[in-house]
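Open the model in your viewer and switch to a cartoon view with side chains ready to show. We will go through it one selection at a time.

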Amino acid sequence: MEKNVGGYDRIARAVLGPVLIVVGAASLAGFLTIAAGTLGLVIALAALLVGAVLATTAVTQKCPLNDLLGFNTYEGAKATETESAGKPRAQ
């Protein structure tokens, strides 16, 4: 799978992912109350899971959902190809 996460998308994932991980872990540990009972547990686990996925996709710059939906915010390969296309090769 090619890289498809970059720019502001990667920054948002890199910030929001760890925040959700901390909120989910704090809620599971009892330091933070999101909701009472089973609903609180489900929300805490969901926050932990979503945070882990966001942090992982920010680090690897690969997101299967972006690939499935056809989104690509990674500009690395495109910028390199267009920069080298306009320059003559050294001999």
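Which residues make a nonpolar surface patch of about 490 Å²? Select Phe31, Leu32, Ile34, Leu39 and Ile43, and you have that patch. Bear in mind throughout that this is a predicted model. Click on leucine 39 within the patch: this residue lies in helix 2, which covers residues 37–60. Leucine 39 counts as exposed because its relative accessibility is 51%, and the cut-off for exposed is over 50%.

**The whole chain**

Now zoom out. The protein has 4 helices and 0 strands, and read along the sequence the pattern is α-α-α-α. Of the 91 residues of the protein, 21% count as buried. Turn on the surface and you are looking at about 6,500 Å² of accessible area, of which 67% belongs to carbon and sulfur atoms. Among contacts in the protein with a separation of 6 or more, 74% are between residues 24 or more positions apart.

**Helix 1**

Select residues 7–29 next. This is helix 1, with 23 residues. From its first C-alpha to its last, helix 1 reaches 34 Å, close to the 33 Å expected at 1.5 Å a residue.

Which residues of helix 1 are buried? Colour Arg13, Gly17, Gly24, Ala26 and Ser27 to see them. The buried residues of helix 1 pack against helix 2 and against helix 3, which is residues 64–69.

Stay in helix 1 and show the side chains of aspartate 9 and arginine 13. They form a salt bridge, and the closest N and O atoms are 2.9 Å apart. The count for the model comes to 1 salt bridge. Both residues lie in helix 1, 4 residues apart, about one turn of the helix. An α-helix has 3.6 residues a turn, so residues three or four places apart point the same way.

Are the two partners buried or exposed to some degree? Arginine 13 is buried, because its relative accessible area is 10% and the cut-off for buried is under 20%. Aspartate 9, at 21% relative accessibility, counts as partly exposed.

Move along helix 1 to serine 27. What does serine 27 touch, leaving out residues up to four places away in sequence? Show Leu32, Ile34, Gly40 and Ala44 to see these contacts. Two of the residues touched by serine 27, Leu32 and Ile34, also belong to the nonpolar patch where the tour began. Serine 27 itself is buried, with a relative accessible area of 14%.

For another view across the chain, pick valine 19, also in helix 1. Draw a distance from its C-alpha to the C-alpha of alanine 55: the separation is 9.5 Å, although the two residues are 36 residues apart along the chain. Valine 19 is partly exposed, with a relative accessible area of 44%.

At the end of helix 1, click on glycine 30, which follows the helix and has a positive phi, near 95 degrees.

**Helix 2**

Now return to helix 2 and select residues 37–60. Helix 2 has 24 residues and reaches 35 Å from its first C-alpha to its last, close to the 34 Å expected at 1.5 Å a residue.

Which residues of helix 2 are buried? Colour Gly40, Ala44, Ala47, Gly51, Leu54, Ala55, Thr57 and Ala58. The buried residues of helix 2 pack against helix 1. Gly40 and Ala44 are worth a second look, as serine 27 touches both.

Beyond helix 2 comes glutamine 61, in the loop between helix 2 and helix 3. Its phi is positive, about 60 degrees, although glutamine 61 is not a glycine. Glutamine 61 counts as buried, at 10% relative accessibility.

**What the record says**

For the last selections, turn to UniProt, where an unreviewed entry lists residues 12–32 and 38–59 under "transmembrane region". Select residues 12–32: this span is 86% helix and 0% strand, and its end C-alpha atoms are 23 Å apart. Then select residues 38–59, which are 100% helix and 0% strand, with the end C-alpha atoms 32 Å apart.

Definitions and conventions
Residues numbered from 1 in each chain as written. Predicted model: local features only at pLDDT ≥ 70, side-chain atom pairs only at ≥ 80, totals over all residues. Heavy atoms only, no water. UniProt positions renumbered as here; feature names shortened; annotations may be inferred. Helix = DSSP H or I, 4+ residues; strand = E, 2+ residues; numbered from the N terminus. Patch = residues over 30% accessible without salt bridge, like charges linked within 9 Å, V, L, I, M, F, W, Y side chains within 5 Å. Areas by Shrake-Rupley, 256 points an atom, 1.4 Å probe, with all protein chains shown as cover. Salt bridge = Lys/Arg side-chain N within 4 Å of Asp/Glu carboxyl O. Buried < 20%, exposed > 50% of the residue type's maximum accessible area, 1.4 Å probe, protein only. Expected span 1.5 Å × (residues − 1). Contact = heavy atoms within 4.5 Å.
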